[in-house]
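Here are some short exercises to work through with the model open beside you. Try each task before you read its solution.

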Amino acid sequence: MQENSIASSPLGSPLKVKDVAAALGVDVSTVYVAVRTGLIASFRVGAGRGTIRIPRSAFQQYLADRGIPVEELGVEL
């Protein structure tokens, strides 16, 4: 059984799109849409197009804005 990567990530480190998608139980494309439309704040890391990272505080804000209790997701933020 695979361990939830958000729970095993060091606290304070930014989250990957796939980790946020797994926590919410949605497809990664849904998270990319939320990032592109500004619903979830993010930044890019690396050369070229890079990869998207989501600050934990931005994910917490996204959850709070929608009334989603963090406890129900089973992740540490």
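**Exercise 1: two helices that cross**

The axes of α2 and helix α3 (residues 28-36) come within 8 Å of each other and cross at roughly 110°. Task: work out how α2 is oriented to α3, and which residues bring them together.

Solution, step by step.

- Start with the ground rules: this is a predicted model, in which local features need pLDDT of at least 70 and side-chain atom pairs count only at pLDDT 80 or more, while totals for chains, interfaces and linings use all residues. Residues are numbered from 1 along each chain as its sequence is written, and side-chain values use heavy atoms, with hydrogens and water left out.
- The angle makes α2 roughly perpendicular to α3 (65 to 115 degrees counts as roughly perpendicular, under 35 as roughly parallel, over 145 as roughly antiparallel and the rest as oblique).
- The crossing of α2 with α3 is right-handed.
- Val17, Lys18, Val20 and Ala21 of α2 meet Val28, Val31 and Tyr32 of α3, where contact means heavy atoms within 4.5 Å.
- By class, this contact has 6 nonpolar, no polar and 1 charged residues.

**Exercise 2: the other partner of α2**

Task: describe how helix α2 (residues 17-24) packs with helix α4 (residues 56-65).

Solution, step by step.

- The axes of α2 and α4 come within 12 Å and cross at roughly 30°.
- The two helices α2 and α4 are therefore roughly parallel to each other.
- The crossing of α2 and α4 is right-handed.
- From α2, Val20, Ala23 and Leu24 meet Phe59, Tyr62 and Leu63 of α4.
- The residues of the contact between α2 and α4 divide into 6 nonpolar, no polar and no charged.
- Now look along α2 itself: Val17, Asp19, Val20, Ala21 and Ala23 are buried (buried means under 20% relative accessible area, exposed over 50%, partly exposed in between, with a 1.4 Å probe and protein chains only).
- Just after α2, Gly25 takes a positive phi of about 75°.

**Exercise 3: building the sheet**

Task: find the order of the 3 strands and say which stand at the edges.

Solution, step by step.

- The 3 strands form an open sheet in the order β1-β3-β2, with antiparallel pairing.
- β1 (15-16) and β2 (43-45) stand at the edges, each with a single partner strand, so one side of each has no neighbour in the sheet.
- β1 pairs with strand β3 (residues 51-54) over 2 bridges in the antiparallel sense; two strands pair if DSSP finds at least two bridges between them.
- Within that pairing, Leu15 has Ile54 as its bridge partner, and Lys16 stands opposite Arg53.
- β2 and β3 pair in the antiparallel sense over 3 bridges, with Thr51 of β3 as the bridge partner of Val45.
- β2 and β3 form a hairpin with 5 residues between them, and Gly46 in the turn has a positive phi of about 105°.

**Exercise 4: Arg53 in its strand**

Task: which way does the side chain of Arg53 point along β3, and what does Arg53 touch?

Solution, step by step.

- Side chains alternate along β3: Ile52 and Ile54 point to one face and are buried, whereas Thr51 and Arg53 point to the other and are not.
- Not counting residues up to four places away in sequence, Arg53 touches Pro14, Leu15, Lys16, Ser42, Phe43 and Val45.
- Arg53 and Leu15 are 38 residues apart along the chain, yet their C-alpha atoms are separated by 5.5 Å.

Key:
Axes are lines fitted to C-alpha atoms, for helices over the stretch in contact, and angles run from 0 to 180 degrees between N-to-C directions. Helices (H or I, at least four residues) and strands (E, at least two) are DSSP runs, numbered from the N terminus. A crossing is left-handed if the near helix is turned anticlockwise from the far one by less than a right angle, and right-handed if clockwise. Ala, Val, Leu, Ile, Met, Phe, Trp, Tyr, Cys and Pro count as nonpolar, Asp, Glu, Lys and Arg as charged, and the others, Gly among them, as polar.
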